[in-house]
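Hi,

Here is the structure I promised to pass on. Have a look at it first, and my notes follow underneath.

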Amino acid sequence: MRDAEINNSSRGQDAPLRASGNRLTREQARELLARLDSAIAGFRGRACREAMVKFLNSMVPSYSWVGIYAVEGKDLVLDAWAGPAATEHTRIPIGKGVCGFAAKAGRTEIVSDVSKDPRYLQCFLSTKSEIVVPITDQGVVVGEIDIDGDQLDAFSSLDREFLEAVAKKASNVWT
Ligand code: SME
């Protein structure tokens, strides 16, 4: 986990949130959504998604790797990512992996221990848990946010709520 320990508005808008037991708090989630609006203001499409993944990866210590995939035909194609390394999974068939499952089902998937989930496609040895949040436009899945965590059980229902709100923002400026 990165050494991030700032949650004080006097330290500025670009300061990462303090790690609080490695879990997002409701207050942090609220603050992050407001800061995200500033970070993506004026951007649309891919430029917006690039800004989003950078923001999430740099601001939330438990979000070790953050990607946004876009639906292209029967596949998910990696569109923007931020983290320590590139993934080999730049194209995932819908229905395959945790990513493909979430896209097919159209609902958020939280995997608290990836070693116990037979659907999991490994990207990084360090990954212990994962959350995948579909991005929809009028009920149709157009993409998804995929986040890897280096801790077991890194994602709670609050992360789900927060990232579903982020997904809505991504959908509003998808093209
Ligand atoms: N773990 C994902 C593949 C994408 S990587 O995490 C970047 C999956 O099981 O679908």
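To start with one residue: is Ser58 buried, partly exposed or exposed, and why? Keep in mind that this is a predicted model. Ser58 has a relative accessibility of 37%, and because buried means under 20% and exposed means over 50%, Ser58 counts as partly exposed.

You'll find Ser58 in helix H2, which covers residues 45-59. The Ser58 side chain reaches back to the backbone oxygen of Lys54, at 2.8 Å. Ser58 also has a neighbour from elsewhere in the sequence: Gly83 is 25 residues away along the chain, yet the two C-alpha atoms are 8.5 Å apart.

Next, the strands. Strand S6 (residues 140-149) is mostly covered, with nine of its 10 residues buried. What does S6 pair with? Strand S5 (residues 129-137) runs antiparallel to S6, with nine bridges between them. Within that pairing, Val141 of S6 has Thr136 opposite. S5 and S6 make a hairpin with two residues in between, and Gln138 in the turn has a positive phi of about 50 degrees. Strand S1 (residues 65-72) is antiparallel to S6 too, joined by six bridges. If you want a spot to look at there, Ala70 has Gly143 in S6 as its bridge partner.

Then the rings. Searching the whole structure turned up three aromatic pairs. One of them is Tyr63 with Phe155, a tilted pair at 5.9 Å between centres and 45 degrees between planes. These two come from distant parts of the chain, 92 residues apart: Tyr63 is in the loop between H2 and S1, while Phe155 is in the loop between S6 and helix H4 (157-172). Both Tyr63 and Phe155 are buried.

Trp65 and Phe124 are another tilted pair, with 5.6 Å from centre to centre and 50 degrees between the planes. This pair also links distant parts of the chain, since Trp65 belongs to strand S1 and Phe124 to the loop between strand S4 (109-111) and S5, 59 residues apart. Trp65 and Phe124 are buried as well. Add Trp81 to Trp65 and Phe124 and you have one aromatic cluster.

Two arginines are also worth a click. Arg49 lies over the face of Trp174, 4.0 Å from the ring centre. Arg119 has its charged end over the ring of Phe101, 4.4 Å from the centre of that ring.

Cheers

Notes. Residues numbered from 1 in each chain as written. Predicted model: local features only at pLDDT ≥ 70, side-chain atom pairs only at ≥ 80, totals over all residues. Heavy atoms only, no water. Helix = DSSP H or I, 4+ residues; strand = E, 2+ residues; numbered from the N terminus. Buried < 20%, exposed > 50% of the residue type's maximum accessible area, 1.4 Å probe, protein only. Polar contact = N/O pair within 3.5 Å; in protein donor to acceptor, adjacent residues only side chain to side chain. Pairing = 2+ DSSP bridges. Phe/Tyr/Trp six-rings, centres within 6.5 Å; stacked < 30°, edge-to-face > 60°. Lys NZ or Arg CZ within 6 Å of the ring centre and 35° of its normal.
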